[in-house]
Amino acid sequence: MTDDDAQTLSQRVDAIHSDHIELKARVVGIDERLSGYIESRSKQIEEEEERRDEERADRKAMWFWAKIAGGVASVVLTVIVGSLATSTVAIIRGLTKIDQHDREIAKNSANVEVMRQVLGDMRPDVATIKAEVRSTGERVRRIEAQQDRQ
């Protein structure tokens with residue numbers, strides 16, 4: 001091998017070595033970028049899992065409170081419906097009593113009117129009886145006066 005061949009070979013080795021260093025730098029850069037991407041993506045996945053876990057916990061809490069609220073609402077509605085039923089029965093009984101009292105009042109009013117009419121019809125008879133009682137009283141006094149004189 002001649003000096004020229006050695007020099008050419010040395011230049012080729014230097015070029016290959018330079019290419020190797022350049023490729024190694026590129027590979028390191030790509031490796032660093034991939035590592036950064038993998039780390040970033042791992043953080044994203046971890047954050048998404050934490051967010052999903054929080055959402056699941058929130059949903060569970062929401063369902064828990066919804067069930068409690070539903071139970072409370074059910075009890076409250078049952079009490080309200082029971083109260084309304086009781087009140088309705090009391091109101092119906094009250095209205096029935098009012099209706100019965102109205103009927104009794106109407107019946108008694110009719111009886112009072114009949115009694116007034118009977119009393120009105122009896123007034124002349126009462127006046128006649130009073131007159132007879134007076135005249136009988138006068139006769140009795142006269143008879144008693146005659147007996148006293150005798």
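Student: How many salt bridges does a search of the whole structure find?
Tutor: Keep in mind that this is a predicted model, where local features need pLDDT of at least 70, side-chain atom pairs count only at pLDDT 80 or more, and totals for chains, interfaces and linings use all residues. Residues are numbered from 1 along each chain as its sequence is written, and side-chain values use heavy atoms, with hydrogens and water left out. Here a salt bridge is a side-chain nitrogen of Lys or Arg within 4 Å of a carboxyl oxygen of Asp or Glu. Searching the whole structure on that basis, the count is seven.

Student: And how many helices and strands does the secondary structure come to?
Tutor: Helices (H or I, at least four residues) and strands (E, at least two) are DSSP runs, numbered from the N terminus. Helix H1 takes in residues 3-149. The tally for the protein is one helix and zero strands.

Student: What radius of gyration does the protein have, next to a compact globule of 150 residues?
Tutor: The C-alpha atoms fill a box of roughly 205 × 25 × 15 Å along the principal axes. The radius is taken over C-alpha atoms, and the globule rule (2.2 Å times the number of residues to the power 0.38) gives a value near 15 Å for a compact globule of 150 residues. The protein itself has 62 Å.

Student: What share of the residues counts as buried?
Tutor: Buried means under 20% relative accessible area, exposed means over 50%, and partly exposed is in between (1.4 Å probe, protein chains only). Among the 150 residues of the protein, the buried share is 0%.

Student: Which residue does Glu-22 meet in a salt bridge?
Tutor: Opposite charges on side chains can pair when their charged atoms come close. Glu-22 is partly exposed because its relative accessibility is 42%. Its partner sits four residues away in helix H1, so about one helical turn separates the two. At 3.3 Å from N to O, that partner is Arg-26.

Student: How far apart, N to O, are Arg-52 and Glu-48 in their salt bridge?
Tutor: Both lie in helix H1, four residues apart, about one turn of the helix. Arg-52 is partly exposed at 38%, and Glu-48 is partly exposed at 28%. Their side chains meet at 3.5 Å.

Student: Which residue forms a salt bridge with Arg-56?
Tutor: Arg-56 is partly exposed, with a relative accessible area of 44%. The partner is three residues away in helix H1, so they are about one helical turn apart. With the closest N and O atoms 2.7 Å apart, the partner is Asp-53.

Student: Is Asp-58, from the surface patch of negative charge, buried or exposed?
Tutor: Patches are made of residues with over 30% relative accessible area and no salt bridge, joining like charges within 9 Å and nonpolar side chains (Val, Leu, Ile, Met, Phe, Trp, Tyr) within 5 Å. Asp-58 gathers there with Glu-46, Glu-47, Glu-49, Glu-50 and Glu-54. Because its relative accessibility is 54%, Asp-58 counts as exposed.

Student: How much accessible area does the nonpolar patch on the surface have together?
Tutor: The patch is formed by Phe-64, Trp-65, Ile-68, Val-72, Val-76, Leu-77, Ile-80 and Leu-84. One of these, Ile-68, is found in helix H1, and at 35% relative accessibility Ile-68 counts as partly exposed. Accessible areas come from the Shrake-Rupley method with a 1.4 Å probe, and for residues only the protein chains shown count as cover. Together the patch has about 780 Å².

Terms used: Lys, Arg positive; Asp, Glu negative; His and termini not counted. Charge placed at Lys NZ, Arg CZ, Asp CG, Glu CD.
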